[in-house]
Amino acid sequence: MCGFIGIFGPDGVDVAPEIYEGLLAVQHRGQDAAGMITYTDRFNLRKSHGLVSEVFTEEHMVQLRGHVGVGHVRYPTVGENRSEDAQPFHHTFPIGTAMVHNGNVTNFAELHDSMFAKGTRLNSTCDLEVLLYVFQQALAERYQAKGGSLDEEDVFHAVGCVYEKVKGAYSVCAFIADLGMVAFRDPYGIKPICFGEKTDERGRWFACASESVVLDVNGYRRTLDIGPGEAVFISHDRTLTHRKVGPQRHTPCIFEYVYFSRPDSFLDDVSVYKTRRRFGKALGKQWKAGGAPTPDVVIPIPDSSRDAAMAMASELKIRYREGLVKNRYIGRTFIMPNHQSRSTSIRRKLNALPLEFKGKDVLLVDDSIVRGNTSRRIVQMARDAGARRVYFAVTSPPLVAPCPYGVDMASKTEFVADGRTVDEIASFLGVDHLVYLDREAMNIAAAKGNPRLESFCNACFTGEYPTPDVTLERLKAIEDERGARRSNPAVC
Ligand code: AMP
């Protein structure tokens with residue numbers, strides 16, 4: 001899972017400061033590497049490992065000139081995770097194109113083998129490089145056939161070629177030097193992508209991003225959520241064309257609402273915040289209907305479960321308390337390479353307030369349980385802080401299947417829910433009672449924000465993948481690669 005932003009501003013402005021702000025706003029989507037490329041009469045690129053604030057110095061910002069650019073924060077899923085794998089990627093010949101994406105190309109290896117003659121090598125192991133190559137090759141063919149010119153039809157044609165050849169999940173933003181900016185989303189619309197505009201005394205500005213919070217922080221009005229198989233093109237003269245280019249079967253990722261996105265974002269016109277509140281309300285109803293014990297206090301596991309926990313507490317008519325204090329300067333613990341370092345960093349990240357636990361029956365709420373290590377440690381923390389009983393509620397169903405679309409969760413056998421009943425998971429975690437949000441209730445809660453959304457990708461909860469290209473062999477190949485990366489912290 002990554003975050004990106006693209007900005008096309010009026011002539012003469014520099015978009016780099018807005019791209020920087022946007023990247024800070026989606027830092028939660030990837031903390032491994034960051035990058036930005038802008039265009040004047042040449043490409044200006046800066047990308048490296050690290051947080052946004054570490055990657056860009058004042059010196060880089062001065063050099064990142066130009067009224068069009070794209071930026072990216074990376075959360076590694078596929079690839080060797082070297083600096084060269086950081087995005088953006090660009091080509092200079094025969095047409096200058098720079099690109100960023102969020103997602104995962106599932107037929108990366110096949111595409112690579114079919115497109116590159118023996119001896120030819122890509123510059124990285126990042127799947128975007130292959131996607132860019134497909135796009136660029138389609139454009140270059142048109143460019144040559146037309147004797148060195150291109151227009152928006154050629155850009156839509158190139159997007160169509162990507163839809164035909166590239167499988168998996170991808171939301172993409174690219175700019176083509178001296179031609180315009182294009183944004184598009186895979187035919188299943190798995191990854192989010194939104195679009196916004198603003199006008200000031202200097203002219204019209206256009207922006208696209210993985211999450212609407214990026215538009216908010218830069219003062220854009222969200223005008224569009226790009227649909228599945230759709231593309232938006234802004235030409236050099238600032239004309240906007242929005243078109244259906246490929247097949248459409250919308251199955252946006254439900255896990256974006258559960259965990260990944262910021263609560264202040266809208267995805268496909270659905271508020272993440274309100275969805276999480278609906279998750280909490282539904283979970284409260286389920287808790288009561290199932291005859292679960294009544295706790296004294298509801299305590300969220302910060303941060304993603306807070307909104308749901310508040311709504312759950314109010315549904316149960318029980319006190320809500322912040323009993324776990326988070327050190328906000330520690331990154332997400334999940335991305336630590338191995339169990340030992342993950343355990344240590346959980347302690348570093350969270351501390352219990354005994355005042356809220358001592359002698360009480362406590363209901364902890366979290367957004368998801370993956371391997372169960374985080375939850376187990378937190379449950380122990382609650383007991384150490386004096387809790388009499390510890391109950392646990394999760395705002396999503398049991399995770400059981402790996403995600404080939406860009407969420408790096410776990411291998412099948414690493415999921416605590418793999419082959420265990422809810423009671424067995426409860427005893428693994430050491431809790432007195434455990435309830436997961438019902439899958440149907442979760443989908444209903446998200447769809448309520450936009451009745452046009454008929455279904456969501458639930459693959460990580462069911463093992464049923466919406467795109468037909470996900471075969472057992474492909475899943476195994478992805479798992480093997482992730483496994484190798486995890487067991488070798490040097491490359492993490
Ligand atoms: P675990 O100890 O493996 O059960 O970790 C569960 C915690 O990780 C939950 O509190 C989630 O908030 C968080 N989480 C879930 N999925 C991911 C992910 N793909 N990347 C990072 N963190 C995650």
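Here is a walk through this predicted model, starting at the ligand and moving outwards.

Let's begin with the shell. There are 16 residues around the ligand, and those that come nearest are Asp366, Asp367, Arg371, Gly372 and Thr374. Sorted by class, the shell has 8 nonpolar, 4 polar and 4 charged residues. Two helices are worth picking out here: helix 8 (255-260) and helix 13 (373-384) each give the shell at least two residues.

Now for the polar contacts. On the oxygen side, Val370 brings a backbone N or O atom to 2.8 Å from an oxygen atom of the ligand. Turn to nitrogen, and you'll find a polar side-chain atom of Tyr75 at 3.1 Å from a nitrogen atom of the ligand. Asp408 uses its backbone instead, with a polar atom 3.4 Å from a ligand nitrogen. How much of the ligand does the protein bury? Taken alone, the ligand exposes 510 Å², and the protein buries 94% of that.

Tyr75 is a handy place to step away from the ligand, since this residue also belongs to an aromatic cluster, together with Phe255, Tyr259, Phe260 and Phe461. The structure holds 15 aromatic pairs. One of them joins Phe255 and Phe461, whose rings sit 6.4 Å apart centre to centre, with 55 degrees between the planes, which makes the pair tilted. Phe255 belongs to helix 8 and Phe461 to helix 16 (residues 459-462), so this pair ties together parts that are 206 residues apart in sequence. Are these two rings' residues buried or exposed? Phe255 is buried, at a relative accessible area of 4%, and Phe461 is buried too, at 8%. Helix 8, then, supplies residues to the ligand shell and also carries Phe255 of the tilted pair.

Next, have a look at Phe428, where arginines come in over the ring. Arg376 lies over the face of Phe428, 4.1 Å from the ring centre. Arg420 also has its charged end over the Phe428 ring, at 4.8 Å from the centre.

Finally, go back towards the start of the chain, to helix 1 (residues 16-25). This helix is mostly covered, with 7 of its 10 residues buried. Which ones are buried? They are Ala16, Glu18, Ile19, Tyr20, Gly22, Leu23 and Ala25. Keep the helical repeat in mind as you trace them: an α-helix has 3.6 residues a turn, so residues three or four places apart point the same way. The buried set in helix 1 includes a charged residue, Glu18, alongside nonpolar ones such as Ile19 and Leu23.

Technical notes:
Residues are numbered from 1 along each chain as its sequence is written. This is a predicted model: local features need pLDDT of at least 70, side-chain atom pairs count only at pLDDT 80 or more; totals for chains, interfaces and linings use all residues. Side-chain values use heavy atoms; hydrogens and water are left out. A residue is near a molecule or strand if one of its heavy atoms lies within 4 Å of it. A polar contact is a pair of N or O atoms within 3.5 Å; within protein, one must be able to donate a hydrogen and the other to accept it, and residues adjacent in sequence count only if both atoms are side-chain atoms. Accessible areas come from the Shrake-Rupley method with a 1.4 Å probe; for residues, only the protein chains shown count as cover. Helices (H or I, at least four residues) and strands (E, at least two) are DSSP runs, numbered from the N terminus. Rings of Phe, Tyr and Trp (its six-membered ring) pair if their centres lie within 6.5 Å; planes under 30 degrees apart count as stacked, over 60 as edge-to-face and the rest as tilted. Buried means under 20% relative accessible area, exposed over 50%, partly exposed in between (1.4 Å probe, protein chains only). A charge sits over a ring if NZ of Lys or CZ of Arg is within 6 Å of the ring centre and within 35 degrees of the ring normal.
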